Amino acid sequence: PVPAAASTPPPPAPAAAAVTPTVTSTTPTTASKTSRQKVHKHVTVRRTTIPGSQPGPGSKIGIGISFGVTAKGEVFITGMAPNGPAKASGQIRRGDQLMSVDGQDVQGWDVNDIVKLIVGEPGSSVVIDVFGLSAEEIGQSPRGPPPPAAGGGGLGQARGG
């Protein structure tokens, strides 16, 4: 196993964003189709209401991501709310592979079961592990996720999933 290299967390996001990204480990590996490196990112995101949404009283909310599950059971982030907490973290992007939620490995899981792990009370936090490009690699070229084979989860404000 490759030892994890600790990194310094990025500067805090503005108070209005209410996001607390923390990257506690990055494990470089060579991407299979390019010379770019992918890293493991351990990110804490605070669940906040996305501007323009109107969740009802007692509603659970997500972190503003959509995802799909491939035929192999791999989970990939397929979209992000422009003003959502996940995007504001600066650590998560479309095309990243979602590995775990709050320490629970989600590979092979049903979309609805993953949604249940991600959504929660407004103001609470969720820890997700993703495998994707490092912050230095982001923005060098556009890339998209593999097409989902089984459903997708929308996690802006939970509307039954």
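**Notebook: a glycine and the core around helix 2**

Entry 1. I began with Gly 108, which counts as exposed because its relative accessibility is 58%, and the cut-off for that word is over 50%. I noted at once that I am working from a predicted model. Looking up where this residue sits, I found Gly 108 in the loop between strand 6 (104-105) and helix 2. I then looked across to Gly 73, which is 35 residues away along the chain, and read a separation of 3.9 Å between the C-alpha atoms of Gly 108 and Gly 73.

Entry 2. Gly 73 took me to a hairpin, since I found this glycine in the turn that links strand 3 and strand 4, where 5 residues lie between the two strands and Gly 73 has a positive phi of about 90°. The two strands run antiparallel, and I recorded 5 bridges joining them. Within this pairing, Ser 66 is placed opposite Gly 79 of strand 4.

Entry 3. Is strand 3 enclosed by the rest of the structure or open? I found that 4 of its 5 residues are buried, so strand 3 is largely enclosed by the rest of the structure.

Entry 4. I next looked up the largest nonpolar core and found that it has 21 residues, with Ile 63, Phe 67, Leu 98, Ile 114, Ile 118 and Ile 128 making the most contacts inside it. Two or more residues each come from strand 2 (37-46), strand 3 (65-69), strand 4 (75-80), strand 5 (97-101), helix 2 (111-118) and strand 7 (125-133). Which element gives the largest share of this core? I found that helix 2 does, with 4 residues. As background I wrote down that in soluble globular proteins nonpolar side chains tend to be buried together.

Entry 5. Which residues does Ile 114 touch, once its neighbours within four places in sequence are left aside? I listed Phe 67, Val 69, Val 75, Leu 98, Val 106 and Trp 109 as its contacts.

Entry 6. Last, I stepped back to the whole protein, where I counted 2 helices and 8 strands, following the pattern β-β-β-β-α-β-β-α-β-β along the sequence. Of the 161 residues, 42% count as buried, while the protein exposes about 8300 Å², of which carbon and sulfur atoms supply 55%. I also noted how the contacts span the sequence: among those between residues at least 6 apart, 63% join residues at least 24 apart.

Key:
Residues are numbered from 1 along each chain as its sequence is written. This is a predicted model: local features need pLDDT of at least 70, side-chain atom pairs count only at pLDDT 80 or more; totals for chains, interfaces and linings use all residues. Side-chain values use heavy atoms; hydrogens and water are left out. Buried means under 20% relative accessible area, exposed over 50%, partly exposed in between (1.4 Å probe, protein chains only). Contact means heavy atoms within 4.5 Å. Accessible areas come from the Shrake-Rupley method with a 1.4 Å probe; for residues, only the protein chains shown count as cover. A nonpolar core is a set of buried Ala, Val, Leu, Ile, Met, Phe, Trp, Tyr and Cys residues joined through side-chain atoms within 4.5 Å. Two strands pair if DSSP finds at least two bridges between them.
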